Amino acid sequence: MDSGAYRNLVTIQKYVEGFDDIGNPSNEWTDYAHAYAYANGLSGREYWEAANVQQENTVEFVFRWKPFFDIMNTKQYRLVFRDRIYNINMIDNIQFRNKTVKIRAVMKNVAEG
């Protein structure tokens, strides 16, 4: 993939559990990293498979590999792209070559909170 394809800035957020100034539990999403990605909606067979489980708003993001991708998981991290929040379904270090990472994510519904 040529370098011009990685033109979409994506914010990676991490869910942080902690305590506020007076000791109350404080859980929040904080910006963890920023990276440029190739972003593409699903099409063809992938789209229809996603539609079968009501995940039509699935987007694939392809990033150049960086070390922080190796510690990411689908529960504590999410993506923000074009002011929309995406919950991560899958993180794939393609062929374990540490060159590119594919993340499949679903747009968060406003009703989810």
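## A walk around strand 4

Strand 4 and strand 5 run antiparallel to each other, paired over four bridges. Bear in mind as we go that this is a predicted model. Within that pairing, L79 sits across from Y86 of strand 5. The two strands form a hairpin with two residues between them, and R82 in this hairpin has a positive phi near 50°.

Now look to the other partner. Strand 4 also pairs with strand 1, again in the antiparallel sense and over four bridges. One of the matches here is K14, whose bridge partner in strand 4 is Y77.

So how enclosed is strand 4? Five of its five residues are buried, so the rest of the structure largely encloses it. In a regular strand, side chains take turns pointing to one face of the sheet and then the other. Here both faces are covered: Y77, L79 and F81 are buried on one side, while R78 and V80 are buried on the other.

Let's take the side with L79. This residue belongs to the largest nonpolar core, which has 19 residues, and it is among those that touch the most other members, along with I12, F61, F63, F69, M72 and I103. Strand 4 (77-81) is one of the elements giving two or more residues to this core, and the others are strand 1 (8-19), strand 2 (25-41), strand 3 (58-64), strand 5 (84-93) and strand 6 (100-107). F61 is a good spot to pause. Leaving aside neighbours within four places in sequence, F61 is in contact with L79 and F81, and also with V10, A37, Y38, A39, Y86, V101, K102, I103 and A105.

What about R78, on the other side? Its side chain is joined to that of Q13 by a polar contact of 2.7 Å. Q13 is found in strand 1, and its relative accessible area of 11% is why it counts as buried. The Q13 side chain also makes a polar contact, at 3.0 Å, with the side chain of D31. Beyond its neighbours within four places in sequence, Q13 is in contact with residues including W29, Y32, Y77 and V80.

T11 is in strand 1 too. With a relative accessible area of 15%, T11 is buried. Its side chain makes a polar contact of 3.1 Å with the side chain of H34. Setting aside neighbours within four places in sequence, T11 is in contact with R78, L79 and V80, as well as D31, A33 and H34.

Definitions and conventions. Residues numbered from 1 in each chain as written. Predicted model: local features only at pLDDT ≥ 70, side-chain atom pairs only at ≥ 80, totals over all residues. Heavy atoms only, no water. Core = buried A, V, L, I, M, F, W, Y, C linked by side-chain atoms within 4.5 Å. Buried < 20%, exposed > 50% of the residue type's maximum accessible area, 1.4 Å probe, protein only. Contact = heavy atoms within 4.5 Å. Polar contact = N/O pair within 3.5 Å; in protein donor to acceptor, adjacent residues only side chain to side chain. Pairing = 2+ DSSP bridges.
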